[in-house]
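I opened this structure to note how its sheets, helices and cores fit together. My entries follow in the order I looked things up.

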Amino acid sequence: MQGSFTKKNNYAVKSDGKPSSFTGLISWAISLSRPYRKYVWVILSAMLVEALIGLATPWPLKIIIDNVLGHHPLPKALVWMGSVFHSENNPELAAVAALSFIAITAIGSFAGFIDNYYNEKVAQYVANDLRKKMYHHMQHLSLSYYDSHQTGKLISTITADVSTVQDFASATLLNILVDCLTITGMIGIMFYLDSDFTLVALAVTPFLLFFVARFKKAMKKAQREVRKDQSDMFIVLQKGLESIRSVNAFGRQDYEEDRLKKVSLETVNAALKARRVKSVLSPVVAITVSACTAFVLWRGAGLVMNGAMTIGALTVFLWYMNKFFSPVQDLAKMTSTIAQVTVALERIQSILETNTVTTEIPNAINPGKLKGEIVFEEISFAYNAETTIIKDFNLEILPGQRIGICGPTGSGKSTIVSLIARFYDPTEGRIVMDGTDISEFTLDGLREQIAFVLQDTILFYGSIRENIAYGRPEATEEEIIEAAKLANIYDLIEKLPHGLDTLVGERGVTLSGGERQRIGIARAVVRNSPILILDEPTSSLDAESEKIVLEALEKLMKGRTVIIIAHRLNTIRNVDKIIVLTNGEVAEEGTHDELIRKGKIYEQLYHMQLSDESAVNTTN
């Protein structure tokens, strides 16, 4: 019963969710900046000034060559200068041209500063929005998504791929837009200077663009391989550093280094392959452009010698033609960048379009404070079509009742409690709390009614205070201290140098397993939820730690509806009802004494554990 989730993205996409074209890519990049339209207008204004300055830049040189040195009359567009300055006074005209060049450069530089600064500002905000959007989406994905996706690749996408998009938006996209604006005015001036040469330049352009487009496909394929290998390398690094204690304990440093060496070398080879493709493209484009320029030089020289064209006009035309081909050459150079950002967008899009989101119905209600009645009605669940984990599960839990769930590994114990919090949704049936289907509750409202104590409590890098209050950050100092006392951990905290402000290592590695569990219990106490789920909370503890934790749990369970998943059956001996699962179905149910008298699965599991514990005690 997974909810559907539809994202509408403001750019052209194929049916598979990938950008349909480079134009679509630019449209999407621009659409992301819509919330910052004021900055965008500043950028566009500065870019327009840059484009106009780009058109004006070669004209002071033309005046020097033709009107100062060559004694030609001023162009019609600049005749007004003759009435302001003495056109026959060449030194004065030369000084004006030189000063004009400085003024043009200064205005262009200022406009460049404005568009670069604000473009970077918009790019940073867009990247920030994209990261938040992705992280928000990932936080609301069903856990089934994380069952089949590696965390390292997701982190790589939300960091490296978003940075690639940011770099494209702040640098490459700006250059493309400035070039396009400049070319628009440039073509008109080039036709004015010499229409034949302009037609030659325009005739070559489609060939170059076609050639670049063909190479872009190969470059995109190569860059996709680079990003894949980079993600694999990130995964190896992440796993190796996360498991550094186990690596050292088993002396597997060389093995981990070899794994990194292999994947790093694959990344190098993929990057070199991409560079090889790019290296072929640039020379071909450069040679074609130089051939076209050489033709204009040859024919232009003849026109100058015949008096049909001035040297200044030829110089300006060559400058414009170089600028005209510059975007094509830039595109050839940027093929790798464009391929990188296209692949990055595909990877980002693959996450944003994932529809395994646990959704809320329209007008979902906040349940408020529940009594804690839970009813499972004909529940079935499967992670995939081939494997059914839970089949026709029915169970009624009264408010304040304690239920134990046990069974062999893989029987579906943890899946049952995951369905209560809607970490997953059942494929069939429904779960009802206090008479209401839980799918009608808001997710936050539902999960506020549930507190978890897991087999391995995960602590976050930070203070003990922050870890205890993680489930309810607004908890007061008194509530945190009272929770620590109930969890039998406050005496230890008081002995620490900084008390509640003592920092714990990442994942709580500076504390023992029993200490971590007691902080987890304090966290559940602070949450003060009517439903408590204990997922094998003592299975990894020694006897002494287990005794302390069980005492704390007994205090925590008072007045709450409690579901205990148990591997050690002594933890559920005194519950109101025990459910025995096998292959996702209820095999037995009853109290401890009732199930022992039946002499079936539970009785066998119980006596097997007694024998194992007796053997351990005898050995010790």
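I began with helix α17 in this predicted model. I find α17 lying across β6 and β9, and its direction is at about 175 degrees to β6. The helix covers residues 513–527 and gives six residues to the largest nonpolar core, the most of any contributor.

I then looked at that core. It has 42 residues, and the ones touching the most other members are I468, I521 and L532. I listed the contacts of I521, leaving out residues up to four places away in sequence: V453, A487, V549, A552, L553 and L556. A second core lies apart from this one; it holds 30 residues, including L370, V417, I438 and I579. As a general note, nonpolar side chains tend to be buried together in soluble globular proteins.

Next I checked α17 against helix α18, residues 543–557. Their axes come within 10 Å and cross at roughly 5 degrees. Angles under 35 degrees count as roughly parallel, and α17 and α18 are therefore roughly parallel to each other. On the α17 side I noted G514, Q517, R518, I521, A524 and V525; on the α18 side, S545, I548, V549, A552, L553 and L556. By type, the residues of this contact are eight nonpolar, three polar and one charged.

I turned to the sheet that holds β6 and β9. It is open, has six strands in the order β6-β9-β10-β3-β11-β12, and its pairing is mixed. Which strands are at the edges? They are β6 (450–453) and β12 (585–590), each of which pairs on one side only. I read an average turn of 20 degrees between neighbouring strands of this sheet, ignoring direction. Inside it, β9 (residues 531–535) and β10 (residues 561–565) run parallel and are joined by five bridges. I picked out D535, whose bridge partner in β10 is I565.

The other sheet I looked up is also open, but has four strands in the order β2-β1-β4-β5 and antiparallel pairing. The edge strands here are β2 (387–397) and β5 (436–437); each has a single partner strand, so one side of each is left without a neighbour in the sheet. I counted five bridges between β1 (residues 374–384) and β4 (residues 428–433), which pair in the antiparallel sense. One residue I looked up here is S380, whose bridge partner in β4 is E428.

I went on to helix α12, residues 413–420. The helix lies across β1, β2 and β4, and runs at about 115 degrees to β1. I also find α12 lying across β3 (402–406), β6, β9, β10 and β11 (577–582), at about 150 degrees to β10. Is α12 mostly covered or mostly exposed? Mostly covered: seven of its eight residues are buried. I wrote these down as K413, T415, I416, V417, S418, L419 and I420. After α12 comes R422, with a positive phi near 60 degrees.

My last entry is on D161, which lies in helix α7, residues 151–193. Its relative accessibility is 0%, so D161 counts as buried. Leaving aside neighbours within four places in sequence, I find D161 in contact with S156, R227, A344, R347 and I348.

Definitions and conventions
Residues are numbered from 1 along each chain as its sequence is written. This is a predicted model: local features need pLDDT of at least 70, side-chain atom pairs count only at pLDDT 80 or more; totals for chains, interfaces and linings use all residues. Side-chain values use heavy atoms; hydrogens and water are left out. Two strands pair if DSSP finds at least two bridges between them. Helices (H or I, at least four residues) and strands (E, at least two) are DSSP runs, numbered from the N terminus. Contact means heavy atoms within 4.5 Å. Axes are lines fitted to C-alpha atoms, for helices over the stretch in contact, and angles run from 0 to 180 degrees between N-to-C directions. A nonpolar core is a set of buried Ala, Val, Leu, Ile, Met, Phe, Trp, Tyr and Cys residues joined through side-chain atoms within 4.5 Å. Buried means under 20% relative accessible area, exposed over 50%, partly exposed in between (1.4 Å probe, protein chains only). Angles under 35 degrees count as roughly parallel, over 145 as roughly antiparallel, 65 to 115 as roughly perpendicular and the rest as oblique. Ala, Val, Leu, Ile, Met, Phe, Trp, Tyr, Cys and Pro count as nonpolar, Asp, Glu, Lys and Arg as charged, and the others, Gly among them, as polar.
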